[in-house]
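Thanks for coming, everyone. I have one structure to walk through today. Have a look at it first, and then we start with a helix.

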Amino acid sequence: RLRFPLADGKEVSTFDAFDKMVADSLGSIGAAPLVLLTGTNNSPSSKQIISEFLAKYPGSRHVQYDAISYSGLLMANEISYGSRSLPSYRFDQARFIVSLGADFLGTWLSPVEFQRDYSVGRKIRENDISMSKHYQFESMMSMTGANADERFTHKPSETGKVAAALLSAINNQPITGFSSDKLTKGIQKVAKDLRDNPGKGLVVCGVNDPNIQVIVNAINEAIGAIGTTVNRSVSLHTRQGMDSDMSTLVSDMNAGKIGALLVYDANPAYDYYNAESFKAGVKKVKVSISFNERLCETTELCKYVIPSHHFLESWGDAEPKTGYFSLLQPTIAPLFKTRQFQDSLLKWSGNTVSYDAYFKQYWTGKLGSSELYNKALQDGVVEPAIGTAPLASAGAFNSAGTASAISAVSAIKTSGGTELVLYQNVAMGDGRQSNNPWLLELPDPITKATWDNFAMVSPVLGKQLFGIDIKERRQADNYEVRPEKPEVKVTIGSKEIILPALIVPGMNNDTIAIAVGYGRKSASGKDEDTGRNIGRAAVGVGKNVFNLVHFNGLTTDFIVGGVTIASTGEQYRMAITQSHSSYEGRHEVVKERTLKEFKEHPSETLDARKRELEPWGGLEDYDKEGTLYPEEMLVRPGIKWGMSIDLNSCFGCGACVVACNAENNVPVVGKHEVMRGHEMHWLRIDRYFSGNPEDPESIQTVFQPMLCQHCENAPCENVCPVAATNHSSEGLNQMIYNRCIGTRYCANNCPYKVRRFNWADYTGADSFPDNQDQSIVGKLDDVVFMMNDDLSRMVLNPDVTVRSRGVIEKCSFCVQRLQQGKLTAKKENRILNDGDVSTACQQACPANAIEFGNVNNRQSAISKLRKTDANRSFYVLETLHTLPSINYMVKIRNTDVIATEEGQHNRYKVEQTTTTDKHS
């Protein structure tokens, strides 16, 4: 974070002195226009302040820029409906969902909202056995594609042809031109479902091409989606940047036409496709000012820097959707000598009112009274019934643009060789959070890789490039277990980049995929400056590939043809948290069934459990059998905490993992330690593949959160020589950190491999200097001692112990939250009610995949769930008789088949290949 105003890289002592410098500089630009460059701004009060400020400088303008552009969709909606806006997509209303390369569960447009809505159609209750059907057409294996019922792969440049063919098939017209028979039949199958269910389908597309998006609009019109699953009367305001506006700005800057450039919440010196041209343009602008809160590549180039507050120190508002408002107020006083962006604009436009007073006046006027303003501030939201913003006009569909769009799409040439898809990693996004180690260490949902970006290639392409056949067990083990991965050189024209390659099932054989958002670098180009300026966590993490983005004259294109990929013969060490791709004959961990099977035989899973547990007396006497403990020890007369996880609603995003890190002070260990299997995550999400690796359409994926199972018959408890791990009267498997001596017997005895050992003093908790010697972990010293400064330690939760070196730690069901809930109920002189407590993972899950509560309370949500969905409930490795307190709901697929390693078969018992945790 920047801590004070800067002029020419030197601290300015007072805001008054800084304001005078800026006023003198802006006065010297004469008639040359001023440009305010920001990211998408959906703050109503800020927009008004911006318009008042720009009114002082005739000819000036506001340019909104998004590194991940949605210009194509905005332009398409202007062509089709006369409104340059984004609609609201209602995944909760859709029974048939079709995505053309849109990772709507991971990164596309509004993934948290879409996960919540999408999960509504994926929930299964035994009194209503139905679910939505999800088809995915894509080139790479995305997180959304991994959750689809059926996937069809194609080359990236064929996306437009797929959209046009789908429209033709919906209109009962023949489709031709695809070399893949599976793709042709898939389009026909999808078209029939959409055509036969008017008003119940939804088609979305992730390509930034207005012509393709116009065709998608025509599809949604044809299937009756407008007004049902696509709401055009309520616009989404989270992406408003236009690529053509940014291109014009950069051209004007380099032509010397811009007098002053003011930058806020944007970093084009890093994430613009032609960053070098932008940098050159900044040098030709007479006055450059940055309001960015952190020192970034763009801010380094600016003459004046006046950092804005952190959002937790700020007032503000937002209108993410038409008529829906959020209000922000500070939770802490400013830590540094910073000033809110809006305050600076107010002062420079001659307005002496502070932003907090302006904000109050603005919203009091909008809402009508101080009382309504105070209520809105307390609630934090303003709903349409209270807000005065009118609903956007839906607009009639203009079909005239469809024919020209189809013509333009048909002219797109499919390259004969390999093509590249540039995508956003679920954790890293566009890179603005690349200095956050929680996110850097969060495993990628598909590859489980951390701390790097890489080139994803298919097993067929991997075999061609490296001679690695992952279908052959010995070769697969050699490739998967070792951190060394082969390097490839990717060449596009005169540009080339070298990255490690990861072989990923489900990839199209002619496609490679690379994540943007990595490779942050100081403007000086020196690594030592990167550490000082951009941030220590971001140093040496991956490579920047934004320069591979193609600009076609209208929009930035994240699909690139004419790619050459070749093995360098070298290897690169990757930090990956899973290292096996199959069970290898071991007991299955995840249970899957098709929707048809479940409808016809709903009790099959329960019956199978009974058969498996027959040697222990079956389900009825199972708890009492096969244990050394007296029967009375298993009786929990009061509270007994339990958790249920619905695999139909877990999409693998990792929000729960980061929430657990934040809530429980889970340490970051760094790439070096992750490579050694020393990651500390209390909660991980296992990703399981099945199907034929060389047949992308056959690949099926399932995600399973795995945390301490809080076993009633816990094998960890009876092997600890000092009783550091024990069982509470409420069913919790507890850890007494001060008692643990680090024997790690408990971790060895845990069949779920969910206990973590503190190999080092990662958070600087140990006050003894000799114990702070971190030489065993190389460069960890920076991270450890950074956690000892006052600012960094503010991220720690004061309600949770910070563990020192040499102890086992693991999930506690957020015991501090349980205690707080019980104390609150006690102070209010009442019993603990269901919903009084929630775990961090449960609270963070957008899809409501996790239910938690007191299983002894028959009225609790988890008790009702376990009763009503008993046929779908199972426990992991139940035959070990550990008696877990966490049950899972069987994964149901709305498809005809469940995949095995050899192929796909209809059957009731699932025998699937999966990926297991490396520690097993």
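**Helix α13 and its surroundings**

The buried residues of α13 pack against α1 (15-27), β3 (34-38), α2 (44-54), β11 (260-264), β12 (287-290) and α14 (355-367). One caution before I go on: this is a predicted model.

So how much of α13 is covered? Helix α13 spans residues 341-348, and seven of its eight residues are buried. Here are the names. Phe341, Gln342, Asp343 and Ser344 are buried. Leu345, Leu346 and Trp348 are buried as well. Just past the helix comes Gly350, with a positive phi of about 90°.

Now zoom out. The chain holds 29 helices and 40 strands. Its C-alpha atoms fill a box of roughly 90 × 70 × 65 Å along the principal axes. What radius of gyration would a compact globule of 920 residues have? Near 29 Å; the chain has 28 Å, so the two agree.

Burial next. Of the 920 residues, 60% are buried. Look at the contacts with a separation of 6 or more: 74% of them join residues 24 or more positions apart. On the outside, the chain exposes about 36,300 Å², and carbon and sulfur atoms supply 50% of that.

Charges, quickly. There are 98 positive and 105 negative side chains. The centres of the two sets lie 1 Å apart.

On to the cores. The largest nonpolar core has 205 residues. Which members touch the most others? Tyr89, Trp108, Ile187, Leu261, Phe278, Met456 and Phe813. Helix α6, residues 159-170, gives the most to this core, with eight residues. Apart from this core lies another, of 36 residues, and Ile49, Leu54, Leu262 and Tyr304 are among them.

Let me stay with Tyr89 for a moment. Leave out residues up to four places away in sequence. Tyr89 then touches Leu73, Trp108, Leu109, Glu113, Phe114, Asp117, Leu202, Val204, Thr229 and Val230. Trp108 is on that list, and Trp108 is also among the core members that touch the most others.

Last stop, Thr248. It lies in helix α9, residues 243-254. Is Thr248 buried, exposed or partly exposed? Its relative accessible area is 41%, and because buried means under 20% and exposed means over 50%, Thr248 counts as partly exposed. Thr248 and Val63 are 185 residues apart along the chain, yet their C-alpha atoms are separated by 9.9 Å.

That is my tour. Over to you.

Methods: Residues numbered from 1 in each chain as written. Predicted model: local features only at pLDDT ≥ 70, side-chain atom pairs only at ≥ 80, totals over all residues. Heavy atoms only, no water. Helix = DSSP H or I, 4+ residues; strand = E, 2+ residues; numbered from the N terminus. Rg over C-alpha atoms; globule rule 2.2 N^0.38 Å. Buried < 20%, exposed > 50% of the residue type's maximum accessible area, 1.4 Å probe, protein only. Contact = heavy atoms within 4.5 Å. Areas by Shrake-Rupley, 256 points an atom, 1.4 Å probe, with all protein chains shown as cover. Lys, Arg positive; Asp, Glu negative; His and termini not counted. Charge placed at Lys NZ, Arg CZ, Asp CG, Glu CD. Core = buried A, V, L, I, M, F, W, Y, C linked by side-chain atoms within 4.5 Å.
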